[in-house]
Amino acid sequence: MNSSMISLVQQLAQILLANKLSIALAESCTGGLLAAHLTDLSGSSQWFERGFVTYSNEAKEESIGVAHSLIECYGAVSEEVAKAMAEGVLKNSLAQVSVAITGIAGPGGGSANKPVGMVCFAWGIRVNDQIQTRSQTKHFSGDRQSIREQACVYAIESLLAQLTANESR
């Protein structure tokens with residue numbers, strides 16, 4: 001793990017610990033890579049609750065309750081499905097914070113509407129019994145591994161920004 005990723009994970013760990021929060025993940029195109037980065041940090045069991053690798057549409061539906069109709073209507077790579085993944089993770093875990101990632105890492109599988117490098121993210125936060133989500137789509141370039149790594153970095157950076165903004169309120 002490179003030093004910038006280590007630094008990001010350490011920052012995330014500090015915020016989660018300080019706020020007595022835990023995190024759970026739903027990963028598709030990153031295939032568990034984000035969970036691996038988070039658990040590379042010693043002591044991560046204090047704030048990392050679980051990760052779901054929901055690579056297939058069936059896994060998204062069966063493991064975390066993404067509605068088949070959402071996938072059919074918007075496609076697995078969509079902000080709508082990413083949001084449902086982030087919500088599903090929180091409904092199927094004890095965590096208060098979630099990250100969901102679904103995208104096209106390539107080299108194949110892209111289309112004109114959804115090119116290789118398109119990744120949809122969603123972040124969820126459970127406040128009392130309400131789940132608040134935020135989603136975003138990004139386009140990354142490079143080979144498969146590079147796209148997956150960029151997605152992990154972006155997911156953590158964006159979560160840090162959200163958690164920091166919530167702390168200052």
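Start by selecting strand β3, residues 97-103. Of its 7 residues, 7 are buried (under 20% relative accessible area, with exposed meaning over 50% and partly exposed in between, using a 1.4 Å probe and protein chains only), so β3 is largely enclosed by the rest of the structure. Before you go on, note that this is a predicted model: local features need pLDDT of at least 70, side-chain atom pairs count only at pLDDT 80 or more, and totals for chains, interfaces and linings use all residues. Residues are numbered from 1 along each chain as its sequence is written, and side-chain values use heavy atoms, with hydrogens and water left out.

**Stop 1: the two faces of β3**

Show the side chains of β3. V97, V99, I101 and G103 point one way, while S98, A100 and T102 point the other way. Residues on both sides are buried. In a regular strand the side chains alternate between the two faces of the sheet.

**Stop 2: the partners of β3**

Which strand runs parallel to β3? Select residues 23-27 and you have β1, joined to β3 by 5 bridges. (Two strands pair if DSSP finds at least two bridges between them; strands are DSSP runs of E with at least two residues, helices are runs of H or I with at least four, and both are numbered from the N terminus.) Within this pairing, E27 stands opposite I101 of β3.

Now add residues 118-127, which form β4. Here the strands run antiparallel, and 7 bridges join β3 to β4. Two pairs are good to label: I101 stands opposite F121, and G103 has V119 as its bridge partner. Like β3, β4 is worth checking for burial: 8 of its 10 residues are buried, so β4 is largely enclosed by the rest of the structure.

**Stop 3: on to β5**

Continue to residues 130-139, strand β5. β4 and β5 pair in the antiparallel sense over 10 bridges; one place to look is R126, which stands opposite I131. The two strands form a hairpin with 2 residues between them. Click on N128 in that turn and you will find a positive phi of about 55°.

**Stop 4: the whole sheet**

Colour the strands together. In what order do they lie? The order is β2-β1-β3-β4-β5, an open sheet of 5 strands with mixed pairing. β2 (48-53) and β5 stand at the edges with a single partner strand each, so one side of each is left without a neighbour in the sheet. Direction ignored, neighbouring strands are turned by 15° against each other on average (axes are lines fitted to C-alpha atoms, for helices over the stretch in contact, and angles run from 0 to 180 degrees between N-to-C directions).

**Stop 5: T54, just past β2**

Select T54 in the loop between β2 and α3 (57-64). Is T54 buried or exposed? T54 counts as buried, at 0% relative accessibility. Leaving out residues up to four places away in sequence, T54 touches A26, E27, S28, A59, K60, S63, I64 and M85 (contact means heavy atoms within 4.5 Å).

**Stop 6: helix α5**

M85, one of those contacts of T54, also appears among the buried residues of α5. Select residues 79-91 to see this helix. Its 13 residues should span 18 Å at 1.5 Å a residue (the expected span is 1.5 Å times one less than the number of residues), and its end C-alpha atoms are 18 Å apart, which agrees. Besides M85, the buried residues of α5 include V81, A82, A84 and V89.

**Stop 7: helix α1**

Go to S4 in helix α1, residues 3-18. S4 is partly exposed, with a relative accessible area of 44%. Measure from its C-alpha atom to that of V153, 149 residues along the chain, and you should read 8.8 Å.

**Last stop: zoom out**

Show the full chain, with its 6 helices and 5 strands. Along the sequence they follow the pattern α-β-α-β-α-α-α-β-β-β-α. The C-alpha trace spans about 45 × 35 × 25 Å along its principal axes, and 47% of the 169 residues are buried.
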